[in-house]
Structure formats: structure tokens, C-alpha cells
Number of protein chains: 2
Amino acid sequence: MPATRFEFLPTLRELVRTYQAFDAFSGSHIRTLGLTTPQFDVIATLGNTQGMNCRDIGQKTLMVKGTLTGVLDRLEQKGLITRISHPTDGRSTLVRLSPAGEELFARVFSAHLAHLEPVFALLGRETLETLRQHLEQLRHSLEKQSDPSSDQEDFSRERR
Amino acid sequence: MPATRFEFLPTLRELVRTYQAFDAFSGSHIRTLGLTTPQFDVIATLGNTQGMNCRDIGQKTLMVKGTLTGVLDRLEQKGLITRISHPTDGRSTLVRLSPAGEELFARVFSAHLAHLEPVFALLGRETLETLRQHLEQLRHSLEKQSDPSSDQEDFSRERR
DNA sequence: CGTATTTAGTACGAACGCGTACAATATGAT
DNA sequence: ATCATATTGTACGCGTTCGTACTAAATACG
């Protein structure tokens with residue numbers, strides 16, 4: 001048993017704290033735009049597309065389908081998206097931005113990126129790239145160790 | 001306007017994906033132990049202490065007090081913690097592990113760390129330390145840019 | 001002393017998030 | 001063609017998360 005057994009804990013703790021700090025920073029801005037974070041993610045995903053089914057939206061936004069149903073319900077109620085039955089696959093639903101949704105996307109998407117940009121600009125290009133690589137390494141390690149017998153939805157194979 | 005304006009997006013996306021991968025990996029193991037992630041966090045925080053009030057637990061676990069009430073309710077219902085009124089401060093509640101909670105903590109805490117250890121061991125000590133530093137840089141940048149007029153509970157000053 | 005402010009915890013509503021179960025449709029093997 | 005199996009989306013329950021409002025107790029201030 002090495003004496004350094006749990007020296008990963010500070011990194012782990014920092015990962016959680018940083019993610020939560022980002023989520024709070026991003027989410028509070030999105031809230032001022034009248035959306036929640038998952039709702040914004042869906043709008044951002046559907047922007048500049050001809051629509052897609054729930055499965056694809058789930059892969060892009062990292063939401064499980066059960067969660068997505070409720071988010072789409074609320075977006076549909078706000079009149080920002082439309083659900084029509086898929087022309088060729090009877091199981092699928094084609095989700096698309098409504099005109100109001102398109103308008104919101106145009107108004108809100110780049111505004112939010114502009115809100116985030118200065119935060120990351122402070123780190124510098126090389127630090128950002130190194131950080132991304134290390135996070136990716138960690139994620140791959142997590143995915144490798146995941147129990148393969150669990151047959152929940154599997155995002156580990158797709159690299160988008 | 002630089003052409004590299006939004007080159008932070010891959011890093012941002014990787015942060016979210018990696019955090020979610022960790023959360024899924026850790027959470028699915030905790031679930032097999034009969035707890036949820038926040039419940040485990042509270043048990044782990046109270047382990048090897050003489051108890052603390054809700055404010056301190058919230059700071060350690062990064063939960064807002066409103067959230068904590070519900071988590072503590074369920075832990076109390078399971079008989080894992082006890083709530084007694086604070087001897088000197090009439091506003092406070094002293095939260096402590098019950099004997100059953102102590103037993104669970106002893107059984108579950110190191111088991112969970114042992115489950116996480118090999119994932120992080122793959123990265124190596126230096127990578128882990130660099131990753132931690134970069135995440136910390138990003139978090140500080142986020143906290144610096146946060147709107148100071150928002151008067152929600154402020155964890156930005158404590159460094160534990 | 002008495003009032004104002006701060007602090008600790010709870011109550012409540014809305015929205016996630018996940019696991020499980022389920023109905024409807026596709027797909028594949030024989 | 002038929003039957004087993006897989007995929008798509010929804011329904012539902014439990015637990016969490018946040019924001020806001022509220023009560024009670026402690027502290028500060030005049």
C-alpha cells in the first residue's frame with residue numbers, strides 16, 4: 001500500500017468545485033435570459049439545424065431521454081419548439097425550433113458565449129489546451145473502468 | 001475581434017463531460033451502497049467528527065442550506081444521523097452520525113475511495129497536480145468575474 | 001433597554017436527473 | 001411471414017437543486 005494512496009483527492013475536489021463554479025456562473029446568466037441551463041442547451045443544439053430526434057438531442061446535451069421529455073414539454077409549452085412525428089421512422093419525433101425559438105436562439109446564443117469568453121481568456125490558449133487534454137485523459141480513464149455490464153444508455157463510444 | 005474568439009469551447013465541453021462521467025461513475029457505485037451522492041457526502045463529512053451544524057455541513061459539501069434540509073431529513077429517517085439542538089446557540093442544530101451512521105461510514109468511506117483510486121492512478125502524480133492547478137485557475141477566474149451584487153451564500157471566500 | 005440587523009434552519013414550488021417500466025414501432029433471424 | 005429482440009419516446013416515482021419567503025434566535029446599535 002503506497003503512502004500516496006489518496007493523493008488524488010485534492011484534484012477530485014477541485015474538479016467538483018470548478019464545475020459547480022462554472023455552472024453557477026453560466027446558469028445565473030442564462031436565468032436572466034428567461035431559460036434554465038438544460039433549456040438553453042436544447043435551444044443551442046437545435047439552432048441552425050432542420051431539427052432532430054430526441055435521441056440525437058440527448059447525445060448532444062448529455063441528457064437522458066427521460067429528463068429530455070420534461071425539458072421539451074416545457075419548451076413546447078413556451079412555444080419555442082415544435083414536435084412532429086418523424087416522416088420515415090414511426091418511433092421518432094422530430095423536434096425543431098419554432099420561429100419564436102429561432103428568434104430566441106439568434107438573440108441569446110452569442111450573447112451567452114460573449115459572457116463566458118473573458119473568463120476563459122484569462123487562462124491563455126496553451127493552458128486551455130493542456131487542461132482539455134488532461135480532462136479528456138481523466139474521462140477516458142473513467143469510461144474504461146466503468147462497469148460494462150451496466151446497460152444504461154452508452155455515450156462512451158460516441159465522440160461527436 | 002480575434003479569429004480565436006470561441007476557442008475555449010472544446011475545453012468547456014470537456015469540463016462538463018468529464019464531470020458528468022465522474023459523477024456517473026462515482027454515483028453508480030454509491031448507489032450500490034444504498035446511498036445517493038449528497039447523502040454519501042454528508043456521511044463522509046460527519047465521519048470522525050463530534051457533529052457540526054448545517055452551515056458547516058453546507059460549506060463542506062457545497063450544498064445550499066435549503067437543499068441540505070431535505071437530505072438530512074432522509075438521512076434522519078434512515079436512522080443514520082441525529083439532530084439535537086445546539087447547547088450554546090439556540091439557532092443552531094447539531095447534526096451527528098448515529099451509531100448506525102458511524103458503522104456505515106466505517107464500512108463505506110474507504111471502500112468508495114478504493115473504487116475511485118485506480119481511475120486517477122492512471123493519470124500519474126504530475127498530471128493530477130497540473131490538472132488541479134489549471135482547474136483552480138479557471139475557478140478563480142470564474143469567481144473573479146461573478147457579479148458581486150448577487151448576495152446568495154458566498155463560498156468564494158473560504159478555502160478550507 | 002428596545003429596536004434593527006444578521007444568522008440558522010425550515011417550508012415550499014418549479015425544474016432537473018436518473019432508474020425503471022411500458023407502449024409503439026423497427027429490425028433481424030429463421 | 002413470424003416471432004424474438006432492439007430502439008424510440010413517454011410515464012412515473014424518488015431524490016436533489018435552486019430561489020424565495022418565513023420563523024426564531026442571537027447580536028449590534030442607539
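Colleague: Which helices supply at least two residues each of the surface near DNA strand C?

Modeller: This is a predicted model. In it, chain A gives α2 (37-46) and α4 (65-77), and chain B gives α3 (54-61) and α4 (65-77). Each of these helices supplies at least two residues of that surface.

Colleague: And where does the largest share of the surface near DNA strand C come from?

Modeller: From α4(A), with three residues.

Colleague: Which residues come nearest to strand C?

Modeller: A:Thr36, A:Val64, A:Arg74, A:Gly90 and B:Arg55, out of the 21 residues around DNA strand C.

Colleague: How do the residues of that surface divide into nonpolar, polar and charged?

Modeller: Near DNA strand C there are five nonpolar, nine polar and seven charged residues.

Colleague: What part of strand C is within 4 Å of the protein, sugar or phosphate, or bases?

Modeller: Sugar or phosphate accounts for 83% of the atoms of DNA strand C within 4 Å of the protein, and bases for the rest.

Colleague: Which atoms of A:Gly90 lie by a phosphate oxygen there, backbone or side-chain?

Modeller: Backbone. An N or O atom of the A:Gly90 backbone is 2.3 Å from a phosphate oxygen of DNA strand C. From chain B, polar side-chain atoms take part: one of B:Thr69 lies 3.2 Å from a phosphate oxygen of strand C, and one of B:Arg83 lies 2.9 Å from a phosphate oxygen of that strand.

Colleague: Now the other strand. How many residues surround DNA strand D?

Modeller: There are 19 residues around DNA strand D, and the closest are A:Arg55, B:Thr36, B:Val64, B:Arg74 and B:Gly90.

Colleague: Which helices supply at least two residues each near strand D?

Modeller: For DNA strand D they are α3 (54-61) and α4 of chain A, along with α2 (37-46) and α4 of chain B. By class, the residues of that surface are four nonpolar, eight polar and seven charged.

Colleague: What do the contacts with strand D look like?

Modeller: Of the strand D atoms within 4 Å of the protein, 77% belong to sugar or phosphate, while the rest belong to bases. The backbone of B:Gly90 has an N or O atom 2.7 Å from a phosphate oxygen of DNA strand D. A:Ser92 has a polar side-chain atom 3.4 Å from a sugar or linking oxygen of strand D.

Colleague: Which residue has a polar side-chain atom by a base oxygen of strand D?

Modeller: A:Arg91, with a polar side-chain atom 3.4 Å from a base oxygen of DNA strand D.

Colleague: Changing topic: what is chain A built from?

Modeller: Chain A has six helices and two strands. Along the sequence they run α-α-α-α-β-β-α-α. The chain has 160 residues, and 40% of them are buried.

Colleague: How many residues does each chain bring to the contact between A and B?

Modeller: Chain A brings 52 residues and chain B brings 52 residues. About 5,800 Å² is buried between the two chains, and carbon and sulfur atoms give 72% of that area. A:Arg17, A:Tyr19 and A:Leu142 supply 11% of the area that chain A buries against chain B, more than any other three residues.

Colleague: Let's pick a few single residues. Is A:Gln39 buried or exposed?

Modeller: A:Gln39 counts as buried because its relative accessibility is 6%, under the 20% cut-off. This residue sits in helix α2 of chain A. Leaving out residues up to four places away in sequence, A:Gln39 touches A:Val71, A:Arg74, A:Leu75 and A:Lys78.

Colleague: And where is B:Glu102?

Modeller: In helix α5 (residues 99-121) of chain B. B:Glu102 counts as partly exposed because its relative accessibility is 31%. From B:Glu102 to B:Ile43 is 59 residues in sequence and 8.4 Å in space, C-alpha to C-alpha.

Colleague: What is the phi of A:Asn48?

Modeller: Positive, about 60°, although A:Asn48 is not a glycine. A:Asn48 is in the loop between α2 and α3 of chain A. With 71% relative accessibility, this residue counts as exposed.

Colleague: What about B:Asn48, where is that one?

Modeller: B:Asn48 is in the loop between α2 and α3 of chain B. B:Asn48 has a positive phi of about 60° and is not a glycine. At 69% relative accessibility, B:Asn48 counts as exposed.

Technical notes: Residues are numbered from 1 along each chain as its sequence is written. Chains are lettered from A and ligands numbered from 1 in the order in which they are written. This is a predicted model: local features need pLDDT of at least 70, side-chain atom pairs count only at pLDDT 80 or more; totals for chains, interfaces and linings use all residues. Side-chain values use heavy atoms; hydrogens and water are left out. A residue is near a molecule or strand if one of its heavy atoms lies within 4 Å of it. A polar contact is a pair of N or O atoms within 3.5 Å; within protein, one must be able to donate a hydrogen and the other to accept it, and residues adjacent in sequence count only if both atoms are side-chain atoms. Helices (H or I, at least four residues) and strands (E, at least two) are DSSP runs, numbered from the N terminus. Ala, Val, Leu, Ile, Met, Phe, Trp, Tyr, Cys and Pro count as nonpolar, Asp, Glu, Lys and Arg as charged, and the others, Gly among them, as polar. Buried means under 20% relative accessible area, exposed over 50%, partly exposed in between (1.4 Å probe, protein chains only). Contact means heavy atoms within 4.5 Å. Buried area is the accessible area (1.4 Å probe) that two parts lose on being put together, summed over both.
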